[in-house]
Amino acid sequence: IAESIEKNGFVERANVYASLSGRVYIDISQRKPVLRLRTNGYNSYVTDDGYIFRAPKESAYYTAVVTGTFRPIAAPTFNGHTKRLYKERVERIHERIEEIKESHADTYQNNREYQRLLRQEKRITRQHKDLGKLTDFVQRIAEDDFWRAEVVQYIADTTSMGALSLRLVPRSGNHIIIFGELTNTEDKMQRLEKFYKDGLTQLGWERFKTIDIRYDKQVICRE
């Protein structure tokens, strides 16, 4: 019974036991997702500790929605801890690298498979870190009363250079917020909040199509 219940990703742990009178009791510990990934073939929930699981058909959880082209380290069908998955994949890469070093001695750095493995490790490390940054950022937004109500969608894309770039879809107005990379996040949100309070209230909420906060000490608006 416990194994059957735990197949639902929302269930972290199920403890099933029977009393002396014959009654069956079930204690359930529930996962609380931080965001829902609807990016590039994914339909999965992600928790604050990096556990990812496919969205069950028979249930749903109200949380932040992330769309776009971003792909995490896990496959769309994966259920489990991404930290564990990342560690296992890196260990396999390092094992193969050591094999190449032993078999090719002084020429291993020119080996094509060796170069491919280095690129692969770099890519999955970036994907792993980006998912953590995205989860942390969404969680911080959820902890702010104003922004939790204002941001209705996150658009996460991977740039041509491999960096994670974010856009925010707000509830108010008719614009998209171009956030950029997840760096200097506190400063960006402070600038945006100040512009919301001191700028849009004077200029009009429907005036701009984009509000760009990627650049230091600037808020760039386009009609």
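**Entry 1: Charged pairs**

I began with Arg-214 and Asp-212, whose side chains meet in a salt bridge with 2.6 Å from N to O. I then looked up how far each partner is open to solvent: Arg-214 is partly exposed at a relative accessible area of 38%, whereas Asp-212 is buried at 1%. I note here that the model is predicted, and I read each value below with that in mind.

Next I turned to Arg-167, which forms a salt bridge with Asp-157, the closest N and O atoms lying 2.8 Å apart. This pair links distant parts of the chain, since Arg-167 sits in strand β9 (residues 164-170) and Asp-157 in strand β8 (residues 151-158), 10 residues apart. I list Arg-167 as partly exposed because its relative accessibility is 32%, and Asp-157 as buried because its relative accessible area, 18%, falls under the 20% limit.

The third pair I looked up is Glu-223 with Arg-207, again a salt bridge, with 2.8 Å between the closest N and O atoms. Glu-223 lies in the segment after β12 (220-222) and Arg-207 in the loop between α5 (185-203) and β11 (210-212), so that the pair, 16 residues apart, links distant parts of the chain. Glu-223 is exposed, with a relative accessible area of 63%, while Arg-207 is partly exposed at 40%.

I also found a network of salt bridges that links Arg-96, Glu-99, Glu-113 and Arg-116. The count of salt bridges comes to 12.

**Entry 2: Asp-48**

Where does Asp-48 lie? I placed Asp-48 in the loop between β4 (44-46) and β5 (51-54), and its relative accessible area of 48% makes it partly exposed. Leaving aside neighbours within four places in sequence, I find Asp-48 in contact with Val-34, Thr-135 and Gln-139. I also checked Asp-48 against Gly-9: the two are 39 residues apart in sequence and 14 Å apart in space, C-alpha to C-alpha.

**Entry 3: The largest pocket**

I then looked at the largest pocket, which holds about 340 Å³ of space. Its lining has 19 residues, and those nearest its centre are Tyr-62, Thr-63, Ala-64, Ala-142 and Arg-148. At least two lining residues come from each of β6 (64-68), α3 (112-142), α4 (145-150) and β8. When I sorted the lining by residue class, I obtained 14 nonpolar, three polar and two charged residues.

**Entry 4: Nonpolar cores**

Which residues have the most contacts inside the largest nonpolar core? I noted Leu-134, Phe-137, Tyr-154 and Leu-166, in a core of 44 residues. The elements that give two or more residues to this core are β3 (35-37), β6, α2 (82-104), α3, β8, β9, β10 (176-180) and α5. The largest share, eight residues, comes from α3.

I followed Leu-134 further and, not counting residues up to four places away in sequence, found that it touches Leu-35, Val-66, Phe-70, Ala-156, Leu-164, Leu-166 and Leu-182. A second, separate core has five residues, among them Phe-10, Tyr-51, Phe-53 and Ala-55. As background to this entry, I recall that nonpolar side chains tend to be buried together in soluble globular proteins.

Notes. Residues numbered from 1 in each chain as written. Predicted model: local features only at pLDDT ≥ 70, side-chain atom pairs only at ≥ 80, totals over all residues. Heavy atoms only, no water. Salt bridge = Lys/Arg side-chain N within 4 Å of Asp/Glu carboxyl O. Helix = DSSP H or I, 4+ residues; strand = E, 2+ residues; numbered from the N terminus. Buried < 20%, exposed > 50% of the residue type's maximum accessible area, 1.4 Å probe, protein only. Contact = heavy atoms within 4.5 Å. 1 Å grid on protein atoms, 1.4 Å probe; cavity = no way out; pocket = protein on both sides within 12 Å on 5 of 7 lines; lining within 4 Å. Points joined across faces, edges and corners; volume = space filled by probe spheres on them. Nonpolar A, V, L, I, M, F, W, Y, C, P; charged D, E, K, R; others polar. Core = buried A, V, L, I, M, F, W, Y, C linked by side-chain atoms within 4.5 Å.
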